[in-house]
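Colleague: Could you take a close look at one part of this model for me? I'd like to hear about the sheet and whatever packs against it.

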Amino acid sequence: MEKVTLTVSGMSCGHCVNAIEGNVGKLNGVSNVKVHLSEGKVDVAFDSAVISLAAIKETIDDQGYEIV
């Protein structure tokens with residue numbers, strides 16, 4: 001299991017939290033996702049044998065947020 005903290009710009013409200021946690025959290029191989037709105041950070045725990053970090057980043061990007 002890998003754990004990463006991503007810096008994500010463009011998050012500003014509860015909808016942003018729900019969009020990221022909901023969409024990343026349902027990905028196969030992701031065991032935990034937590035958005036820290038005030039810090040602009042997203043913690044993700046995932047199984048790298050099942051899903052790549054690039055796929056997780058793409059899912060966040062597809063929601064309209066930018067990983068910096």
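What is the order of the four strands in the open sheet, and is the pairing parallel or antiparallel?

Modeller: Sure, bearing in mind that this is a predicted model. The four strands of the open sheet are ordered S2-S3-S1-S4, and they pair antiparallel. S2 and S4 (66-67) sit at the edges with a single partner strand each, so one side of each has no neighbour in the sheet. H1 packs on this sheet and touches S1, S2 and S3, with its direction at about 170 degrees to that of S2. H2 lies across S1, S2, S3 and S4, and runs at about 30 degrees to S1.

Now for the pairing of S1 with S3: these two run antiparallel and are joined by six bridges. In that pairing, Leu6 stands opposite Val42 of S3.

The sheet and helices also come together in the largest nonpolar core, which has 19 residues. Two or more residues each come from S1 (2-9), H1 (14-25), S2 (30-36), S3 (41-46) and H2 (53-62). H1 gives the largest share, with five residues. Ile20 and Val44 have the most contacts inside the core.

Val44 is a good place to zoom in. Leaving aside residues up to four places away in sequence, Val44 touches Glu2, Lys3 and Val4, then Val24, then Val30, Asn32 and Val33, and finally Ile56.

Note on methods: Residues are numbered from 1 along each chain as its sequence is written. This is a predicted model: local features need pLDDT of at least 70, side-chain atom pairs count only at pLDDT 80 or more; totals for chains, interfaces and linings use all residues. Side-chain values use heavy atoms; hydrogens and water are left out. A nonpolar core is a set of buried Ala, Val, Leu, Ile, Met, Phe, Trp, Tyr and Cys residues joined through side-chain atoms within 4.5 Å. Buried means under 20% relative accessible area, exposed over 50%, partly exposed in between (1.4 Å probe, protein chains only). Contact means heavy atoms within 4.5 Å. Two strands pair if DSSP finds at least two bridges between them. Axes are lines fitted to C-alpha atoms, for helices over the stretch in contact, and angles run from 0 to 180 degrees between N-to-C directions.
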